[in-house]
Structure formats: structure tokens, C-alpha cells
Amino acid sequence: MAMKVQPPGNNALPDTIKERMELALRVISAPSKIRLLKYIYTYPDRFTHQIAADCAVGFPPNRLGELNREVLPQYGLHLLCHQPDKWLTNRWGDVSRVHQWRLVLVPQKQEVA
């Protein structure tokens, strides 16, 4: 179910990720999504499995994708999933293609008068 999001009043967004995140947190009602957003802001570049364990969320990419579609664009934010510099090796010696996450600012479209 998509949540209704109210963008900032005068379309002027704060300059920092933290201030924008705090605005977005006001409209997010799901506790798991609040935990995920705060966690990734506090601990950028954590791997998906670390986020799942630390935030007690079964499959974080689903919730993070919902935030990216439903809330964060209005605040000029995006939860970025990226490939690590070096892939992890699992306990059997195989490459494990687990990605990392971080919260980033997204350029806002400028209105032309």
C-alpha cells in the first residue's frame, strides 16, 4: 500500500542529508522503514546481510525500494545500493555478491520562470 507523502511546504529543501532525512521520517509510519533509514544514515556502506540482522528485517531491499519509490524522491534523497570494492567470500570460499547501501542526495530539478 502506497503511503501519501506531503513534500516540504515551499519546495525549499534543506542542504544536508540529515535535515532532509528528518523531514522524510515525519511521514514514514512503518517502524521497520524508520529503523532502516536511520541505520543506513548512521552506518553507510553496510552490507545487506548486516542491515537485515541489525534492523531485524527479513529482506531489506524490499523495504528500501519502497522508500525510494514512495517517500525519498520528494526529499531529494535516495538509498543507493552499490557494489563493494571487493566482493565478500562466504564460509565455503565462494564469492558472495552482497551489495552495500548508503543514503545520498539527489539533484533537484530547477524550476524555470
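These questions and answers go through helix α3, the cysteines and strand β5 of a predicted model.

Residues are numbered from 1 along each chain as its sequence is written. Local features need pLDDT of at least 70 and side-chain atom pairs count only at pLDDT 80 or more, while totals for chains, interfaces and linings use all residues, and side-chain values use heavy atoms, with hydrogens and water left out.

Q: Which residues of helix α3 are buried?
A: Buried means under 20% relative accessible area, exposed over 50%, and partly exposed in between (1.4 Å probe, protein chains only). Helices (H or I, at least four residues) and strands (E, at least two) are DSSP runs, numbered from the N terminus. In α3, residues 48-55, the buried ones are Thr48, Ile51, Ala52 and Cys55.

Q: Why are the buried residues on the same side of α3?
A: An α-helix has 3.6 residues a turn, so residues three or four places apart point the same way. Thr48, Ile51, Ala52 and Cys55 are the buried residues here. They lie on the same side of α3 because their arc around the axis, taken from the directions from the helix axis to the C-beta atoms, is only 100°.

Q: Which exposed residues does the face of α3 turned away from its buried side carry?
A: The buried side packs against α2 (31-42), β1 (46-47), α4 (60-70) and β5 (100-105). The face turned away from that side carries the exposed residues Ala53 and Asp54.

Q: How many disulfides are there?
A: A disulfide is counted when two cysteine sulfur atoms are within 2.5 Å. Cysteine 55 is buried because its relative accessibility is 2%, and cysteine 81 is partly exposed at 37%. By the sulfur rule, the count of disulfides is 0.

Q: Which backbone oxygen does the side chain of glutamine 100 reach?
A: Glutamine 100 belongs to strand β5 and is buried because its relative accessibility is 12%. Contact means heavy atoms within 4.5 Å, and beyond four places in sequence the contacts of glutamine 100 include Asp45, Arg46 and Cys81. At 2.8 Å, its side chain reaches the backbone oxygen of aspartate 45.

Q: Which residue in β5 stands opposite leucine 79?
A: Two strands pair if DSSP finds at least two bridges between them. Strand β1 runs antiparallel to β5, with 2 bridges, and arginine 46 stands opposite tryptophan 101. Strand β2 (residues 77-82) also pairs with β5 in the antiparallel sense, over 6 bridges. Opposite leucine 79, in β5, stands leucine 103.

Conventions
Polar contact = N/O pair within 3.5 Å; in protein donor to acceptor, adjacent residues only side chain to side chain.
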